Amino acid sequence: MMILEKLSYFFTVFFFFIVLSYYFLLFIKKKKPKKNKSFSSLTVIIPAHNEEKYIKEAIDSVIAADFNGSKEIIIVDDGSIDSTAKLASQYTSKNIKLIRTKHSGKSASINRALKIARGELIAIVDADSIIHKDALAEMADELSRDEIVGVCGVVKVKNRKKLLCAWVHVEQLFGSLIRLLFSKINANIVTPGALSMYIKKNLMEVGGFSTKGYSEDVDIAIRLIRNGHKLSFAEKAVTETNMPYDMKGFFRQRKRFARGAINIIKRHLRLNNTIIDMYTLPLLLFSLVQAVIMGSFILYQVFSGYHTYFLSKGIYFNLAAAKFFFEWFSIAGFVRWTISVFAGQTPMNFITIVGIISTFLSYPLIFLAIFKYEKRISLWHLVPVFFMFPFWLLLMLINIYCIPEYFKKEQYNIWKKNE
Amino acid sequence: MNFKMPSGNKHVLLIILAFLSVKLLALGYYHIVWWDSAVSIGMGKYIYSFGNSGLWEEPRPLVWPLMLGFLWKTGFDAVLAGRILEILFGSLCILMTFLIGRKLFDEKTALLGSLFLAVSPAFFFFDGIMLTEIVSAFFALSAVYLLMSRKYYTAGLLFGIAFMTRFLQLLAFMAVVFIIITYDKKNIKNIIRLSAAFLIPVVLYLALNQILYHNALLPFLQQIYLSKNTGWLNFQPITYYFAELFKENVLYLLSFFGIFLVVKEKNSSKMHIAAIFLFFFVFFNLIKQKEMRFLIVLLPYMYLLLSSSIVYLFGKFENRLHKALLITAISLSLAYSAYNINAYYQKESGKVNPYAEMESKFVSSYGRIWASNPVIAVSGSQKIETLMYYPFFSTGKKNELIEGAADADFIFMDSCDLACRPSDINCENAKAELISHFKKRLKTIHSSSNNNCQQLVLQG
């Protein structure tokens, strides 16, 4: 058996077990800890760097959000070169502070705010996001449970009507569902920057946010769990975030995510018997390795097919080529292949069956996420689901592009935006 | 490796992207696998099958066969994946040219150099043919870049790998050492670091040779022997490269002005570029066998020197007309290069694989296989026991083949593969005798002719 065949067997079986584990988590019922704590003060930190387009609505949403107690807002302008600081300064009052720093990164900005924060609870809200009215109250309620020190919520894409963002929106909904499932066994290692809340005391115990590497929202979650704490998921706490809608911004964001994931793997992957070491972090590693290996292989397969059927015959594009790409880049190709397997036109073996089952099992999870958090399905959901493959392929390629990050000694938390 | 990606200059990424796209879309023009590429694939198969598939030629360097063999072992189509891999290496060569140019000269020089390289006909066409020049050029360029960053160990190691990809890259290493000795006399430590790392892959290779052939230097000695006895088909006059380089870039002579500027400036880092270019240029002009593809290894350096002289001249010109003339000359040179790329492709696309039928027979062959051509072995996983063409055909070789023919289960032969040296007057007769002997003693299962070449598949 060729190495590639062995690898695709391995990835197929592994993927099957991953999907199975999602279903296992979906169906297990875990009793949540009792609510024995209460908090009377909250500080919402809004780190911002060149967010003039969104900062106002972000602040407005935080002001409008309910919280049963005193609410303080600290906006940190992290060296913006646009009018972010000017816009934020219009809100300053007794309970709304504005700190201006030179560009030093998101973690450093949050840490700076943490030093002066008075709240027992700390919420982090991205400056390009808005939070729903009940989001803070829902999260604070979740933090009142025993052992819970951090909580995250549902992330939606606000500008989801922009073409590229439709895909990102479905991805975010699916990500929210996965975080919910993982939090059942305290295996969720992402408290998204768009909206998360922590008990300040516990946050300070672990030294605040790390200024090393991207993905500080993953880093903090891992350190809190390693410190013996639990993180929860507030299903009714919703934030809507503005995502990059052009390819340039998208690439920049995803490169940051990919580099962040590599940073996290480098810093946190270890042999241990905790659930995040046995499940979540290996899963993250798997997704990166799979992206590099399978991403390259799939791309080769697409090109190889195109070369064999068209290029080698001197055809660059025709109807058949359009059909070829349509089938590759949509679920239609997979459905056609499945039919051909069951019709006996394609050899059926253990791996093809496992592949078919795991792929078919993964789609209901995507639809469940859409139903759960959107309550309806529209064309804006169906189109990305139908054409999810090119999006995944793009993410895989970005992961490949970011491989050099693994060899870099230094890790940074300074991000560029709208510059 | 901690090099800064050219995020500040998106133009080079555009050049690479355009290069990559056009190269991939033009892959359909390659209808045949070249002889040397087939040898590399065959050797790769041999390595990864522990001698049960493919073929073996002692004097070849191992890095490229190792890569192609890995693709084959992994399950890829070695030809298509090999072409794509080489195209990726070609793209990286453009990137490295840019990075070196930016480090040593300036962004304009770097960009112009990488653009010249990307549209240089020989570089463009041979990227995807699966020969060793481009892959070795990438390793050498990486080594040069790291040398500029004063990372002597890694640079030395990469020079070693470049050498193990194409032995002639030793010249690049020698040029670099020469410059360090000449201009950086005090720093003997750097030469030791560079050489020590260079020797790591080389010593491993020598040790392997000692184990395999009981002679650590056998591949090198065979290379020298082969270069004396073969290659006469491509013997060219001393003026060959001087003339042919105009097809690569009509402005190329300005690269000599670039050398003059570098020498005048006495910048040891830039001297490396000039020295590598000169070492290669002089060497290739001195040897009789001349092929444009050989010069691929020097093109990146030549284009950097050429670009630096153009940028210098552009800066010196105060008259707008002169500047406009220079820009026109650059544009025309690029257009002429593009025209010559087209000529290469037209020539290649007209080729038809003469071995198609033999290849299909080869796939179902078994036992002890003899072949007069490595290309027929590209698609199968059989092993070629005897390479009839190797090292070259002669009366002596004929006797040797006749003697051992009884052991062969299959013989794949194309009479044109057994090329006779002009000095060997008995060779043609020997070839006829050999074919006649084979036909009498073995069963002919395929016979055809193509361009006055007789193709035979014989079964023992």
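1. The place of B:G350 is the loop that runs between α16 and α17 (356-363) of chain B. This is a predicted model, and the points below should be read accordingly. With a relative accessibility of 56%, B:G350 counts as exposed, because the cut-off for that class is over 50%. Although B:G350 and B:H31 are 319 residues apart along the chain, their C-alpha atoms are separated by 8.4 Å.

2. Helix α16 (residues 320-349) of chain B packs with helix α12 (residues 240-248) of chain B; the angle is about 105 degrees, and the axes are 7 Å apart. The two helices, α12(B) and α16(B), are therefore roughly perpendicular to each other, because angles from 65 to 115 degrees fall in that class. On the side of α12(B), the contact is made by B:F246, B:K247 and B:E248, and on the side of α16(B) by B:Y336, B:S337, B:N340 and B:Y344. Sorted by class, the residues of this contact are three nonpolar, two polar and two charged.

3. A second helix pair in chain B deserves attention. Helix α8 (residues 152-165) and helix α10 (residues 188-213) of chain B have axes that come within 7 Å and cross at roughly 35 degrees. The crossing of α8(B) past α10(B) is right-handed. From α8(B), the residues in this contact include B:Y152, B:A155, B:G156 and B:F159, and from α10(B) they include B:R193, B:L194, B:A197 and B:F198. By class, the contact of α8(B) with α10(B) comprises 15 nonpolar, three polar and one charged residues.

4. Which residues touch the most other members of the largest nonpolar core? They are B:L194 and B:F438, in a core of 220 residues. The element that gives the most to this core is helix α4 (residues 78-104) of chain B, with 15 residues. Another core, of 59 residues, lies apart from it; A:I55, A:I96, A:A123 and A:L281 are among its members. As a general background, nonpolar side chains in soluble globular proteins tend to be buried together.

5. B:L194 links the third and fourth points, being a residue of the α8(B) and α10(B) contact and one of the two core members named above. Leaving aside neighbours within four places in sequence, B:L194 is in contact with B:Y152, B:A155, B:G156 and B:F159, which also belong to the contact from the side of α8(B). Its other partners under the same condition are B:L147, B:F173, B:V176, B:V177 and B:I180.

6. In chain A, the axes of helix α9 (residues 247-268) and helix α10 (residues 275-309) come within 10 Å and cross at roughly 135 degrees. That angle makes α9(A) oblique to α10(A). The crossing of α9(A) past α10(A) is left-handed. Here A:A261, A:I262, A:I264, A:I265 and A:H268 of α9(A) meet A:D277, A:L281, A:L284, A:L285 and A:L288 of α10(A). The residues of this contact divide into eight nonpolar, one polar and one charged.

7. A:P282 is placed in helix α10 of chain A. With a relative accessible area of 25%, A:P282 is partly exposed. Not counting residues up to four places away in sequence, A:P282 touches A:L269, A:I276 and A:D277. The C-alpha atoms of A:P282 and A:V157, which are 125 residues apart along the chain, are separated by 28 Å.

8. Two residues invite a check of the backbone. Most residues other than glycine have a negative phi. A:S215, which is not a glycine, has a positive phi of about 60 degrees, and B:F50, also not a glycine, has a positive phi of about 55 degrees. Where do these residues lie, in terms of the loops of chain A and chain B? A:S215 is in the loop between α7 (200-205) and α8 (216-226) of chain A, and B:F50 is in the loop between α2 (35-48) and α3 (63-74) of chain B. A:S215 is buried, at a relative accessible area of 14%, whereas B:F50 counts as exposed, at 77% relative accessibility.

9. A:G69 lies in the loop between α2 (55-64) and β2 (70-78) of chain A. Its relative accessibility of 39% means that A:G69 counts as partly exposed. Between the C-alpha atoms of A:G69 and A:V289, which are 220 residues apart along the chain, the separation is 46 Å.

Technical notes: Residues numbered from 1 in each chain as written. Chains lettered and ligands numbered in written order. Predicted model: local features only at pLDDT ≥ 70, side-chain atom pairs only at ≥ 80, totals over all residues. Heavy atoms only, no water. Axes fitted to C-alpha atoms, helices over the stretch in contact; angles between N-to-C directions. Helix = DSSP H or I, 4+ residues; strand = E, 2+ residues; numbered from the N terminus. Parallel < 35°, antiparallel > 145°, perpendicular 65-115°, else oblique. Left-handed = near helix turned anticlockwise from the far one by under 90°. Contact = heavy atoms within 4.5 Å. Nonpolar A, V, L, I, M, F, W, Y, C, P; charged D, E, K, R; others polar. Core = buried A, V, L, I, M, F, W, Y, C linked by side-chain atoms within 4.5 Å. Buried < 20%, exposed > 50% of the residue type's maximum accessible area, 1.4 Å probe, protein only.
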